[in-house]
Amino acid sequence: MSKKLFIRTYGCQMNVYDSARMADVLAPLGYAPAQGPEDADLVILNTCHIREKASEKVYSELGRLRETKQERPGMLVAVAGCTAQAEGAEIVRRMPFVDVVVGPQAYHRLPELVARATRAGGAALDTDFPVESKFDHLPLVATPAGPSAFLTIQEGCDKFCTFCVVPYTRGAEFSRPAADIEREARMLVEGGAREITLLGQNVNAWHGAGEDGAAIGLGALARRLARIEGLARLRYTTSHPRDVDDALVAAHAEEPKLMPYLHLPVQSGADRVLEAMNRGHRAEDYLRIVERLRRARPDLALSSDFIVGFPGETEAEFEATLDLVRAVGFAGAFSFKFSARPGTPAAALSGQVAEEARDERLQRLQALLRDQAEAFNREVLGRVVPVLVEKPGRHPGQVVGRSPWLQSVHCHAPGAAIGETIDVRLLRLGPNSIAGEVAAPASGEAA
Ligand code: SAH
Ligand code: SF4
Ligand code: F3S
């Protein structure tokens with residue numbers, strides 16, 4: 001019997017990847033995609049727990065689903081993701097109509113959980129960190145949604161930054177075997193992917209064995225995947241400064257498919273704050289890493305994550321963050337006010353910074369980062385760059401794609417196919433996208 005599934009995804013790209021895998025594992029049970037919760041037999045909320053606001057969203061969405069379920073009692077509601085892992089019991093207590101709660105490492109058990117909820121009524125809860133890897137038990141369907149695909153190669157985190165819930169919600173660091181990753185990457189490319197973004201909470205902590213059995217890291221893995229014919233671009237996210245090794249830097253110098261854009265979170269520019277965050281490096285170390293990377297790949301653009309108002313952060317320490325931003329020059333960034341998360345060491349620290357100070361610092365930091373992003377986008381105007389065409393634009397004949405630096409670009413290119421890389425001259429900055437014109441029919445970038 002055909003049933004309908006709707007998945008709402010919050011949080012990071014790893015959740016986006018997981019949502020696709022959950023749909024894969026449920027497809028053999030007859031679940032096809034629904035338009036929205038209204039016409040779904042099963043609704044999954046794939047949740048995020050990273051900041052207070054993120055997990056509050058879960059409860060307000062559940063409040064709405066409770067009403068939908070009153071009208072259609074047969075509908076099943078499942079909560080997956082990081083809030084499910086962190087607050088499974090609490091969710092069931094506050095929202096007793098929830099049928100399934102499943103943590104990020106137990107998605108391969110979804111069919112059984114859904115069956116149990118259908119049979120028995122009452123919530124089926126699974127927030128174990130199973131000994132078996134979900135990757136070995138999830139079907140490998142790997143149908144990319146478009147030319148740009150995600151592939152999770154590493155999960156979990158052992159770094160325990162004092163502000164962060166991820167080590168608790170995703171569990172210990174785990175690297176998938178290189179051969180499995182390559183197999184999945186080949187399937188994605190066969191299915192039409194031209195760009196693959198390798199995902200992990202600490203993606204550059206990935207380690208495994210090479211074809212000769214020797215220990216390798218992300219640099220060698222990237223080179224191996226770059227050999228896949230038909231794959232034009234490789235990216236990876238999110239990296240930790242502590243795990244940028246020489247082999248990875250060298251891969252940026254020598255592997256043209258590795259795109260010159262790197263998300264490398266630094267969080268703060270003040271050494272005392274970095275220490276209290278347990279980041280394991282100083283501001284100076286970060287600057288040296290950026291230098292090494294830029295020496296290897298001079299056109300490398302960087303983005304980062306920042307937290308303002310970490311407990312005890314003084315005005316001078318906040319200004320050290322602004323100094324670091326000025327020293328690096330970022331092409332993009334995400335910045336957040338510190339959010340005290342239950343169970344993390346930083347939540348219990350004295351010297352919590354007042355809300356007004358956090359607001360004010362965030363605004364100042366974001367103004368600087370906005371200026372830098374705009375300056376970066378301005379710099380590319382007039383140049384011809386390879387654009388990977390991802391989808392049709394709003395107007396007839398128009399296409400939308402991305403530059404090597406992740407900039408969204410639109411241009412009139414009626415002959416261009418989705419998944420093709422075309423050379424585009426960048427002309428004008430728009431609010432969300434750069435307008436360009438086709439410079440040549442084919443690109444120099446390998447495809
Ligand atoms: N693994 C990545 C980050 C994953 S979380 C890394 O190590 O950099 C994504 C971002 O959310 C973090 O980089 C941080 O800037 C932000 N973040 C995490 N916990 C937070 C908290 N408690 N309050 C505010 N921002 C937080
Ligand atoms: Fe969280 Fe730190 Fe691990 Fe990143 S490295 S996921 S910020 S604990
Ligand atoms: Fe959120 Fe979990 Fe990702 S907390 S950011 S969904 S790893």
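This report walks through three ligand sites, some aromatic rings and a few backbone details of a predicted model.

**Ligand 1 and its surroundings**

Let's start with ligand 1. Of the 16 residues around ligand 1, the ones that come nearest are Phe163, Gln201, Gln267, Asp305 and Ser339. Sorted by class, this shell has six nonpolar, five polar and five charged residues. Two strands are worth finding on the structure: strand 15 (301-308) and strand 16 (332-337) each supply at least two residues of the shell around ligand 1.

Which side chains have a polar atom by an oxygen atom of ligand 1? The table lists three of them, with the distance between the two atoms.

| Side chain | Partner | Distance |
|---|---|---|
| Glutamine 267 | oxygen atom of ligand 1 | 2.7 Å |
| Arginine 51 | oxygen atom of ligand 1 | 3.0 Å |
| Arginine 279 | oxygen atom of ligand 1 | 3.3 Å |

On its own, ligand 1 has 540 Å² of accessible area, and the protein covers 89% of that.

**Ligands 2 and 3**

Next comes ligand 2. The residues around ligand 2 include three cysteines, Cys157, Cys161 and Cys164, along with Phe163 and Arg279. You have met Phe163 already, among the residues that come nearest to ligand 1. By class, the shell of ligand 2 divides into seven nonpolar, two polar and two charged residues.

Ligand 3 has cysteines around it as well: Cys12, Cys48 and Cys82 are among its surrounding residues, and so are His49, Arg170 and Gln201. The shell around ligand 3 divides into four nonpolar, four polar and one charged. Gln201 is another familiar name, being one of the residues that come nearest to ligand 1.

**Aromatic rings**

Now for the rings. A pair of aromatic rings is described by the distance of the centres and the angle of the planes. A search of the whole structure finds four aromatic pairs. One of them joins phenylalanine 306 and phenylalanine 330 edge-to-face, with 5.6 Å from centre to centre and 85 degrees between the planes. This pair links distant parts of the chain, 24 residues apart: phenylalanine 306 belongs to strand 15, while phenylalanine 330 is in the loop between helix 12 (315-328) and strand 16. Both of these phenylalanines are buried.

Phenylalanine 310 and phenylalanine 338 also form an edge-to-face pair, at 5.5 Å centre to centre and 70 degrees between the planes. Here the partners are 28 residues apart, with phenylalanine 310 in the loop between strand 15 and helix 12, and phenylalanine 338 in the loop between strand 16 and helix 13 (355-379). Are these two buried or exposed? Phenylalanine 310 counts as buried because its relative accessibility is 0%, and phenylalanine 338 counts as buried at 4%.

Rings can have charged neighbours too. Arginine 51 lies over the face of phenylalanine 336, 3.5 Å from the ring centre. The charged end of arginine 94 sits over the ring of tyrosine 59, at 3.7 Å from its centre.

**Backbone details**

Most residues other than glycine have a negative phi, and most peptide bonds are trans. Where can you look for exceptions? The peptide bond from threonine 237 to threonine 238 is cis, with omega near 0 degrees. Threonine 238 has its place in the loop between strand 13 (233-237) and helix 9 (246-254).

Phenylalanine 160 has a positive phi, near 50 degrees. This residue is in the loop between strand 8 (154-155) and helix 6 (166-169), and phenylalanine 160 is also one of the residues around ligand 2. Leucine 406 has a positive phi of about 65 degrees and is found in the loop between strand 18 (398-402) and strand 19 (408-412). With a relative accessible area of 31%, leucine 406 is partly exposed.

Note on methods: Residues numbered from 1 in each chain as written. Chains lettered and ligands numbered in written order. Predicted model: local features only at pLDDT ≥ 70, side-chain atom pairs only at ≥ 80, totals over all residues. Heavy atoms only, no water. Near = heavy atom within 4 Å. Nonpolar A, V, L, I, M, F, W, Y, C, P; charged D, E, K, R; others polar. Polar contact = N/O pair within 3.5 Å; in protein donor to acceptor, adjacent residues only side chain to side chain. Areas by Shrake-Rupley, 256 points an atom, 1.4 Å probe, with all protein chains shown as cover. Helix = DSSP H or I, 4+ residues; strand = E, 2+ residues; numbered from the N terminus. Phe/Tyr/Trp six-rings, centres within 6.5 Å; stacked < 30°, edge-to-face > 60°. Buried < 20%, exposed > 50% of the residue type's maximum accessible area, 1.4 Å probe, protein only. Lys NZ or Arg CZ within 6 Å of the ring centre and 35° of its normal.
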